[in-house]
Amino acid sequence: MQNDIDMLNNIRKTTEMGQYGINSVINYASDTELYRVLKQQQTEYDKICDAADRMLKARGISGSHVGAMAKMSTDMSAAMNMMISPTASKIAEMMIKGSTMGITKNIKNIHKSGELSDDIKSLADKLVATEQDNIEQMKKFLQIISRMILCRIRCAIPMIWNIIE
């Protein structure tokens, strides 16, 4: 029973962190297709989070939430990354890193939990599959280096030289 509750709380926190990560960058998504994909991923996280909440409530437990420090760290990281490179490629890179962390954490929790109820194991597996799908969706937005970044670098070099002199 406690393994089930712990796993549901971990699923809930992982999906909440995914939602929060998307909220931190979505307003920077000028590419309409990227914006659409992020909204779709957010909806998937909502569904999994709601399912975990329902399962917790059925057990008489209220779900735990992501801590304020984790949220603040996500906000700061997103803001810094978007100041440096507010591109679809950078957003995709950040989302891929977040989904990879979500997969890693979830698989570790599955192994640590041992025996789980079938419905909870199924939800945990669904979260891993969703994170994997999210990574696949983000790959098409990755670029080695965008023209916009090159332009910014070319424009910044003369300014840097002026500062150095």
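**Largest pocket and helix packing**

Of the elements that line the largest pocket, α4 contributes the most, with ten residues. The structure described here is a predicted model, and the pocket in question has a volume of about 650 Å³. Its lining comprises 29 residues, and those nearest the pocket centre are M17, T74, M94, G98 and M101. Two or more lining residues come from each of α1 (2–25), α2 (32–58), α3 (68–84), α4 (88–113) and α5 (118–139). By residue class, the lining of the largest pocket consists of 13 polar, ten nonpolar and six charged residues. In general, empty space of this kind is revealed by rolling a probe the size of a water molecule over the atoms.

The overall architecture is considered next. The protein contains six helices and zero strands, so that the order of elements along the sequence reads α-α-α-α-α-α. Of its 165 residues, 40% are classed as buried. Among the contacts with a separation of 6 or more, 84% are made between residues 24 or more positions apart.

The geometry of α4, the main contributor to the pocket lining, was compared with expectation. Its 26 residues should span 38 Å at 1.5 Å a residue, and the computed distance between its end C-alpha atoms, 37 Å, agrees with this value. After α4 comes G114, which has a positive phi, near 70°.

A similar comparison was made for α5, which has 22 residues. The distance from its first C-alpha to its last is 32 Å, close to the 32 Å expected at 1.5 Å a residue. The buried residues of this helix are I120, L123, A124, L127, V128, T130, E131, N134, I135 and M138. Viewed down the axis of α5, these buried residues fall within an arc of 155° and therefore line one face of the helix. Such a pattern follows from helical periodicity: an α-helix has 3.6 residues a turn, so residues three or four places apart point the same way. The cover over the buried residues of α5 includes α1, α2 and α4.

Helix α3 has 17 residues and extends 24 Å between its first and last C-alpha atoms, close to the 24 Å expected at 1.5 Å a residue. Its buried residues are T74, A78, N81 and M82. Because they cover an arc of only 95° around the axis, they lie on the same side of α3. The buried residues of α3 pack against α1 and α4. On the face turned away from this buried side, α3 carries the exposed residues A68, M69, M83 and I84. T74 thus appears both among the buried residues of α3 and among the residues nearest the centre of the largest pocket.

Two residues illustrate how positions separated along the chain are brought together in space. Y20 belongs to helix α1 and counts as partly exposed, at 23% relative accessibility. Residues up to four places away in sequence being excluded, Y20 touches K71, T74 and D75. The C-alpha atoms of Y20 and K71 are separated by 7.2 Å, although the two residues are 51 residues apart along the chain. The second residue, A79, is located in helix α3 and is also partly exposed, since its relative accessible area of 33% lies between the limits of 20% for buried and 50% for exposed residues. A79 and Y28 are 51 residues apart in sequence, and their C-alpha atoms lie 9.7 Å apart in space.

Terms used:
Residues numbered from 1 in each chain as written. Predicted model: local features only at pLDDT ≥ 70, side-chain atom pairs only at ≥ 80, totals over all residues. Heavy atoms only, no water. 1 Å grid on protein atoms, 1.4 Å probe; cavity = no way out; pocket = protein on both sides within 12 Å on 5 of 7 lines; lining within 4 Å. Points joined across faces, edges and corners; volume = space filled by probe spheres on them. Helix = DSSP H or I, 4+ residues; strand = E, 2+ residues; numbered from the N terminus. Nonpolar A, V, L, I, M, F, W, Y, C, P; charged D, E, K, R; others polar. Expected span 1.5 Å × (residues − 1). Buried < 20%, exposed > 50% of the residue type's maximum accessible area, 1.4 Å probe, protein only. Arc of directions from axis to C-beta. Contact = heavy atoms within 4.5 Å.
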